[in-house]
Amino acid sequence: MHVGAVRVAALRGVRPMPSRLQPNTLPQVARCFSASARGSYEYIQVSEPRPGVGQVTLNRPKALNALCTPLINELNTALRAFQASPAVSAVVLTGSERAFAAGADIKEMAPLTFSEAYTSSFIESWSELTTGALKKPLVAAVSGHALGGGCELALMADILYCTATANFGQPEIRLGTIPGAGGSQRLTRAVGKSRAMELVLTGRSFSGDEAERWGVAARAFPSHEALMEAALATAETIAGYSRVAVQAAKEVVNKSQDLPLRDGVEYERRVFHGLFGSQDQKIGMKAFAEKKKAEWSHQ
């Protein structure tokens, strides 16, 4: 499971012992109800700020963008729409300057029994965007708090940018539980077993600077403005390439996380060979030879 929108002071001051976590260290988190029946988004904002770029902004400001299933359902709906859109080639996922997502809604999780969580596959939908539904690249732009489920959500992105002062962490141990949406797996792949074990077992948070040094984030930026400019610029650059090649590139990099090196190299080579059947491979190589800008067909 995840940790709710835990106050920064509490996260830094509480030792990794359940007995030290007092009830007043958790903010009052509003219960989450979906607005899908009204045909509108209640917990996210959706836009297309650059050519070829879609943007989803988490929008529960009073709860520091705490995650709940209705919010995730809206996020998945928006991502599916961007996946189907011929106008969008890359997506940016962000929150506010203060919080990307400060955790998950404790009130949604606290009453659940084992059988309820298990038989309903609770939070399985929270990883839907990484299971093949979104084939277009996803850039996470993280400012402020990305804790518990927020950290896990950021780790699901294809590219993670953050501010130097961003606050990452998996503090679930303080609530008597563990990461439940891939935090123990993705964080370990990013930082190695020993460091991931330390972070998960102690609940210690880490900064955006550390995230960049450890390979969790591709880049860290000095301000929220610089972060958003870079994330949008990167997404726009990606959107300027052949969608066929971009999708193939995302696919082979992701396969490197699942396959042994020899099998991964062979898989990459087969996808590389397959691209010689695309129109865009011919267009791109012809344009290069003629020193012209490629006009992609996305075929």
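Q: Which residues form a nonpolar patch on the surface, and what is their accessible area together?
A: In this predicted model, local features need pLDDT of at least 70 and side-chain atom pairs count only at pLDDT 80 or more, while totals for chains, interfaces and linings use all residues. A patch takes residues with over 30% relative accessible area and no salt bridge, joining like charges within 9 Å and nonpolar side chains (Val, Leu, Ile, Met, Phe, Trp, Tyr) within 5 Å. Areas come from the Shrake-Rupley method with a 1.4 Å probe, and for residues only the protein chains shown count as cover. The patch consists of F272, F276 and M285, and their accessible area together is about 310 Å².

Q: Is F272 buried, partly exposed or exposed?
A: Residues are numbered from 1 along each chain as its sequence is written, and side-chain values use heavy atoms, with hydrogens and water left out. F272 belongs to helix α11, residues 261–274; helices (H or I, at least four residues) and strands (E, at least two) are DSSP runs numbered from the N terminus. Buried means under 20% relative accessible area, exposed over 50%, and partly exposed in between, with a 1.4 Å probe and protein chains only. At a relative accessible area of 48%, F272 is therefore partly exposed.

Q: How many salt bridges are there?
A: A salt bridge needs a side-chain nitrogen of Lys or Arg within 4 Å of a carboxyl oxygen of Asp or Glu. By this rule the count is seven.

Q: How many residues apart are D158 and K250, which form a salt bridge?
A: The closest N and O atoms of D158 and K250 are 2.9 Å apart. D158 sits in the loop between α5 (149–155) and β7 (159–163), and K250 in helix α10 (residues 243–255), so the pair links distant parts of the chain. D158 is partly exposed at 32% relative accessible area, whereas K250 is buried at 14%. Along the chain, the two are 92 residues apart.

Q: Which residue forms a salt bridge with both K286 and K292?
A: K286 has a salt-bridge partner at 2.8 Å, N to O. K292 is exposed, with a relative accessible area of 57%, and its closest N to O distance in a salt bridge is 3.6 Å. The partner of both lysines is E290.

Q: In what order do the four strands of the open sheet stand?
A: Two strands pair if DSSP finds at least two bridges between them, and the pairing in this sheet is mixed. β4 (99–101) and β9 (205–207) are at the edges with a single partner strand each, so each has one side without a neighbour in the sheet. The order is β4-β6-β8-β9.

Q: What is the bridge partner of A99 in β6?
A: β4 pairs with strand β6 (residues 145–147) in the parallel sense, over two bridges. The partner of A99 in β6 is H145.

Q: With which side chain does the side chain of N167 make a polar contact?
A: N167 lies in strand β8, residues 167–169, and is buried at 4% relative accessibility. A polar contact is a pair of N or O atoms within 3.5 Å; within protein, one must be able to donate a hydrogen and the other to accept it, and residues adjacent in sequence count only if both atoms are side-chain atoms. Here the distance is 3.2 Å, and the partner is S205.

Q: How far apart in space are Q45 and L58, C-alpha to C-alpha?
A: Q45 is in strand β1, residues 44–50, and is partly exposed at 44% relative accessibility. Q45 and L58 are 13 residues apart in sequence, and their C-alpha to C-alpha distance is 6.5 Å.
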